[in-house]
Amino acid sequence: MDTFAALSQGLMVALQPINLLFAFVGVMLGTAVGVLPGIGPALTVALLLPITFKLDPAGSLIMFAGIYYGGMYGGSTASILLNTPGESSSIVTALEGNKMARAGRGGPALATAAIGSFVAGTIATIGLALVAPTVVDIAISFGPEDYFALMVLAFTTVSAAFGSSVTRGLTSLFIGLSLGLIGIDLQSGQARLSFGIPDLLDGVEVTTLAVALFAIGETLSVVAAGSRADEIIEPVKGSVFMNREDWKRSWKPWLRGTVLGFPIGAMPAGGAEIPTFLSYALEKRLCRKPDEFGNGAIEGVAGPEAANNAAAAGVLVPLLTLGLPTSATAAIMLAGFQQYGLNPGPLLFVSNPDLVWGLIASLFIANGMLLILNLPLVGLWVRLLAIPRPWLYGGILVFATLGTLGANPSLVELGMLLIFGLLGYVLRRYDYPIAPVVVGLILGPLAEQQLRRALAISVGDPTVLFQSPIALALYALSALALFGPLLFFLITGRKAPVGGDED
Amino acid sequence: MSDPTPTSARRPDKAGFVIAFGLAALALVVGWDAWRLASVNAHSAVGPAAFPTIIAAGLAALAVATAVEALRAGPVDRPRDEMGPMAWVLAGLVGQIALLPFLGFSIATGWLFAATAKGFGRGPVWAHFLAGTVMCFIIYVIFAKGLQLSLPAGPIERLI
Amino acid sequence: MNHMLRGALLAAAFTAASLGTASAQVGDLKIIAPAAPGGGWDQTARAMQQVLQSEKLAANAQVMNVPGAGGTIGLAQFVNGSKGDPNVLLVGGYVMVGAIITNKSPVNLSMVTPIARLTGEYEAIAVPANSPLKSMADLVAALKADPQKVSWAGGSAGGTDHITAGLIAKAIGVDPTKVNYIAFSGGGESLASILGGKVTVGISSLSEFDAQAKAGKLRLLGVSSAERLPEAKDVPTFKESGVDVEIQNWRSVSAAPGITEEQKKQLTETIGKMVQSKAWKDLLAQKGWVDTYLSGPAFAEQLAKDVTATQSVLKDIGLAN
């Protein structure tokens, strides 16, 4: 294998001072747009394509790699500090991360997110370099029925992990599922729950809902609490950086998150959100202090952050090996390749090895650069929380609406932000968990489409759902997630350690 | 999660009932839409109405469960929310939507900033409005020049 | 940033220099892209912006994104908000024709002033390399035997891919409502299902399949153009195979309703000059777009034909009434 020779060749290219500069510009831009909800790496790369055309291919691809990974870091920073998920894959991070930040542990939260992203990104990039062809064969073999089984697994594990009251958790989930119905149904082309409003035909944007529920709902709750909530947010309590215990509690979630994120990210319909949900549920199950979940458990930041970055590298597997763009960013990267007359596809590794390896090498560089840039900044970032509350929350609302407006300057979109913000306030006020609403919006349509695809291909024969070994294995895992605690109780006679309250 | 505090007087939790009612209403809307879709066309095994029907049924069941729980729990003591400050923040958000098409991004969002700050007890509104507008104008310029994205423009933005 | 500054300086220099030859130049142009930044229409709008400015055809051009509902939200805003304004253009395309019908949009393309068709793509049908279907004739036979058994992977229901599948069924005398069409939300996802052999055939624009076909992983059965395409010379057209379907997924530019003949003529001239410029041709080559420029009455006629055909096939599929 000359993989390592090719990779080191790529590293040599990426390490040239001018390319390092491109990487730096890329990660800075990526972080900046990652912080803004609604505006992500895909949009940024798309807008920069015409400008970067004047650069050489290596330089601009290195910059794109920087933007790509930078967006992930920016998304989690906003989630943790401002409770404003910048990207849909960093929604889960906000759950525990923001709780930690409010308890003066924003430093460790940001650090575990940064180091976890680095670890996961590095391992996943190595995976991309070494096992991409194998992984992609497995990923391609996933049919709609297998994806449906994966969604079932996500539903069962995730709903077990949110909140202690079944009625309340399910209520939130069903509100999310209802919102997921809005818009044109992909399979039949029929408009659902749109009431003749054209702006609703494209459905509810995940980031719009998440930002409204988290950031605006939270702002309304805090302002309504008035003097009750008047404790000052302490930006730093204890160490700014991770202590020994934080390390001990973080490293396993990082690895588990990577293992979940990379393969699911590589699947053409996997995405980066599902692994973060699964990782959160898994960490909650495995955590020794489950009652900390909901109050700022570091595992709940470390795992999902690792999963999300590993998935980001996983997305590049089908892109580089088959030329399949399976995410918005990948589609734009493909356009970037085409701009230089390259045809990504099964032949890219053979026809343009220098470029592919240059890109993989620049992913390493971007990842390392982000870690080096972000860790010293942690102390500075958490100072954001020392901003007096009126300005902090004013700024959060400006940010939240800015991101939405940048991607879609529509008043209806702003109206949705307001309505869902009120929904978030009501849910908080009456102790309903927030996260299942977003989960329902993301997973509901996916599950429905995959099920209907499977049944349409089989011309209505439902047995197709239980014929594939992959699907059966996933159903077995779901059953374990549902009934595992019960079995545990029956066998050992003591109650399984289940998660505590969420929010 | 707040502890339900059962009292001797068997009065139900009013908020719980309102929520149950809301869920029932949502179930009706989703169910009605599903019914409408079911009559449109069905030449596939599972049509567009199947999932809405399941979701509507689930919402209806949850409405009943919520009502039952409200009945059992009795009144819950929730701290009073302060409506004044909240009204300021809401006025900020609504005002932004109303001002945006006429006065552009900077002024509308400057108002949002000022109203939110006022809601959190920091005035004067006009000073915050000015500061917010300047800040948002800088953001507008960065977006327009750096990203080539045009945010809604108003009189100030047209100056550049 | 440096680049922007330079751009601004150049633009200033151009405006100063072009004062004498200002006849063909329009002033401040606003180009509405009825899609989110990054998509095909947005890229078209930005390409126009770039060339119009660099070729001094417009003093200044600005792109505005109004995404949503297959472009019909942008169209509605354009029809209602820009009446009689000669300085606003709307990018659009064939997808909009279908979206107007399926979304029951209150505004349609007859309410704007069509200027020109700019670029276009053709649809192609692909099967995995190991598929028993070797040619268009095999597919036709399979469809005639049992249309339900042939599953098609493509984009969203009612979109160009679905319409093409419906037209093919209709052309060979198969009930279009029986077409077993499986909609996928992204090109990668549907391509994966074709490569993985989950569906019988895939239908999409040729560019989506090109790389896989060249690598021998997919076999192309036919394309929707009138004549064989230079980038796929050995692939027969649908017509050659006896399936009378010809369809182009085009992108166009329109002007506001209610402008004068004079203004329309000037805009048509400006766009005509843009299309002929080397900068535009280079840009098309770079993006892999095919120039299918058509303007004036010829374009209007083509548009009317497309609208009628689409309306009727969508009705057949059951998506319009």
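This is a short walk through a predicted model with chains A, B and C.

Let's start with chain A. Chain A has 19 helices and two strands. Its C-alpha trace spans about 60 × 60 × 55 Å along the principal axes. Does that fit a compact globule, or depart from one? For 503 residues, a compact globule would have a radius of gyration near 23 Å. Chain A comes out at 22 Å, which agrees. Buried residues make up 67% of the 503 residues. Now take the contacts in chain A with a separation of 6 or more. Of those, 80% join residues 24 or more positions apart.

Next, the annotation on chain A. An unreviewed UniProt entry lists "transmembrane region" at several stretches of chain A, including 20-49, 61-82, 109-135 and 147-163. Further along, the same entry gives 315-335, 355-382, 394-427 and 470-491. What does the model show over two of these? Take residues 61-82 of chain A: 100% helix, 0% strand. The end C-alpha atoms of that span are 31 Å apart. Now residues 109-135 of chain A: again 100% helix and 0% strand. Here the end C-alpha atoms lie 31 Å apart.

How far can we trust chain A? The mean pLDDT of chain A is 82. In chain A, 91% of residues reach 70 or more. Which helix has the lowest confidence, and which element the highest? The low end is helix α14 of chain A, residues 348-351, at a mean of 71. The high end is α17(A), at 92. One stretch needs a flag. Over residues 496-503 of chain A, pLDDT is below 50. That stretch still has 27 contacts in the model beyond near neighbours in sequence. Where pLDDT is low, the predicted coordinates should not be read in detail.

Now chain B. The UniProt record, also an unreviewed entry, places "transmembrane region" at residues 15-35, 47-68, 88-113 and 125-143 of chain B. Residues 47-68 of chain B are 86% helix and 0% strand. The ends of that span, C-alpha to C-alpha, lie 33 Å apart. Residues 125-143 of chain B are 100% helix and 0% strand. For that span the end C-alpha atoms are 26 Å apart.

So where do A and B meet? 48 residues of chain A are in contact with 55 residues of chain B. Which elements of chain A give two or more residues to that side? They are α8 (166-181), α9 (206-225), α16 (389-407), α17 (411-429) and α18 (435-457) of chain A. The most comes from α16(A), with eleven residues. By class, the side of chain A that touches chain B has 25 nonpolar, 15 polar and eight charged residues.

On to chain C. Its secondary structure comes to eleven helices and ten strands. The radius of gyration of chain C is 21 Å, close to the 20 Å that the globule rule gives for 321 residues, so chain C is as compact as a globular protein of that length. The C-alpha trace of chain C spans about 70 × 40 × 30 Å along its principal axes. Of its 321 residues, 52% count as buried. Among contacts in chain C with a separation of 6 or more, 77% link residues 24 or more positions apart.

Chain C is also assigned two domains. Domain 1 of chain C is 2-11 + 24-120 + 249-317, and domain 2 is 122-223. Their C-alpha centres lie 29 Å apart. The contact takes eleven residues from domain 1 and 13 residues from domain 2. On the domain 1 side, the elements giving two or more residues are α4 (94-102) and α11 (296-317) of chain C. The largest share, five residues, comes from α11(C). By class, the domain 1 side has five nonpolar, five polar and one charged residues.

One residue to finish: C:Gly120. C:Gly120 is found in strand β4 of chain C, residues 113-128. Is C:Gly120 buried or exposed? With 21 other C-beta atoms within 10 Å, C:Gly120 is buried, because the cut-off for buried is 20 or more. What does C:Gly120 touch, leaving aside its neighbours within four places in sequence? The contacts are C:Gln248, C:Asn249, C:Trp250, C:Val290 and C:Thr292. Take C:Thr292. C:Gly120 and C:Thr292 are 172 residues apart in sequence, yet 5.8 Å apart in space, C-alpha to C-alpha.

Conventions:
Residues numbered from 1 in each chain as written. Chains lettered and ligands numbered in written order. Predicted model: local features only at pLDDT ≥ 70, side-chain atom pairs only at ≥ 80, totals over all residues. Domains from an automatic or database assignment. Contact = placed C-beta atoms within 7 Å. Helix = DSSP H or I, 4+ residues; strand = E, 2+ residues; numbered from the N terminus. Nonpolar A, V, L, I, M, F, W, Y, C, P; charged D, E, K, R; others polar. UniProt positions renumbered as here; feature names shortened; annotations may be inferred. pLDDT = per-residue confidence, 0-100. Buried ≥ 20, exposed ≤ 12 C-beta atoms within 10 Å, placed from the backbone. Rg over C-alpha atoms; globule rule 2.2 N^0.38 Å.
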